[in-house]
Amino acid sequence: MTAQHRNTQLAAQVRQILETAPEEMLPMTYQQLAEMLALEPPRTIHRVALGLEELMREDAEQGRPFIAALVVSRRGEGLPAKGFFDLAVELGRFPAEPAQHSEAYQAEFRQAMAQRG
């Protein structure tokens, strides 16, 4: 199995978890998501991040809110890691100005929660 295929498979599992997790579990941390995926070290958080980035690209293509907004860093004051913001800017969904990222994230989080149905 190729690395790309594994990443696509992981991304599908991540989407399933985030779409079906009880609301009170959200947002969840990268570590919690890695545990729910039963990932084994090494590089568990890195693999989670790659799956989330793939979902962000899919969501941008489809015009959907970023489901990846439902995952935050333990150390990030309730925000995702820097890579989330970098990719959101690259995909044209967030303003380039970092001072506006927190507000853009909060809006994205609300939209992603609402989309879950």
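Two rings of Phe, Tyr or Trp are counted here as an aromatic pair if their centres lie within 6.5 Å, and a pair is termed edge-to-face if the planes are over 60 degrees apart. In the structure shown, which is a predicted model, the count by this rule comes to eight aromatic pairs. One of them joins Phe66 and Phe84 in an edge-to-face arrangement, with 6.0 Å from centre to centre and 80° between the planes. This pair links distant parts of the chain, since Phe66 belongs to the loop between helix 3 and strand 2 while Phe84 belongs to helix 4 (residues 82–90), 18 residues apart. Both Phe66 and Phe84 are buried. A further edge-to-face pair is formed by Phe85 and Tyr105, with 6.4 Å between the centres and 70° between the planes. Here too distant parts of the chain are linked, with Phe85 in helix 4 and Tyr105 in helix 5 (residues 101–115), 20 residues apart. Phe85 and Tyr105 are likewise buried. Phe66, Phe84, Phe85, Phe94, Tyr105 and Phe109 together form one aromatic cluster.

The surroundings of Phe66 were examined further. This residue lies in the loop that runs between helix 3 (44–62) and strand 2 (71–72), and Phe66 counts as buried because its relative accessibility is 0%, the limit for that class being under 20%. When residues up to four places away in sequence are not counted, Phe66 touches Met56, Asp59, Ala60, Phe84, Ala88, Leu91, Arg93, Phe94, Glu108 and Ala112. Among these contacts, Arg93 places its charged end over the ring of Phe66, at 4.1 Å from the ring centre. Glu108, for its part, is 42 residues from Phe66 in sequence, yet the two are 6.7 Å apart in space from C-alpha to C-alpha.

Glu108 also appears among the buried residues of helix 5, which are His101, Ala104, Tyr105, Glu108, Phe109, Ala112 and Met113. These residues lie on the same side of helix 5, because they cover an arc of only 165° around the axis. Glu103, Arg110 and Ala114, on the other side of helix 5, are exposed. The buried residues of helix 5 pack against strand 2 and helix 4. Helix 5 itself has 15 residues and reaches 21 Å from its first C-alpha to its last, which is close to the 21 Å expected at 1.5 Å a residue.

In soluble globular proteins, nonpolar side chains tend to be buried together. In the present model, the largest nonpolar core has 35 residues, and those with the most contacts inside this core are Leu18, Leu33, Leu52, Phe84 and Tyr105. Two or more residues are given to this core by each of helix 1 (3–20), helix 2 (30–36), helix 3, strand 2, helix 4 and helix 5. Phe84 and Tyr105 thus appear both in the aromatic cluster and among the core residues with the most contacts. For Leu52, leaving aside neighbours within four places in sequence, the contacts are Val14, Leu18, Tyr30, Leu33, Ala68 and Val71.

Another buried position is found in helix 3, where Thr44 lies. Thr44 counts as buried because its relative accessibility is 13%, and, with neighbours within four places in sequence left aside, Thr44 is in contact with Ala34 and Leu39.

Key: Residues are numbered from 1 along each chain as its sequence is written. Side-chain values use heavy atoms; hydrogens and water are left out. Helices (H or I, at least four residues) and strands (E, at least two) are DSSP runs, numbered from the N terminus. Buried means under 20% relative accessible area, exposed over 50%, partly exposed in between (1.4 Å probe, protein chains only). Contact means heavy atoms within 4.5 Å. Rings of Phe, Tyr and Trp (its six-membered ring) pair if their centres lie within 6.5 Å; planes under 30 degrees apart count as stacked, over 60 as edge-to-face and the rest as tilted. A charge sits over a ring if NZ of Lys or CZ of Arg is within 6 Å of the ring centre and within 35 degrees of the ring normal. A nonpolar core is a set of buried Ala, Val, Leu, Ile, Met, Phe, Trp, Tyr and Cys residues joined through side-chain atoms within 4.5 Å. The expected span of a helix is 1.5 Å times one less than its number of residues. The arc is that of the directions from the helix axis to the C-beta atoms.
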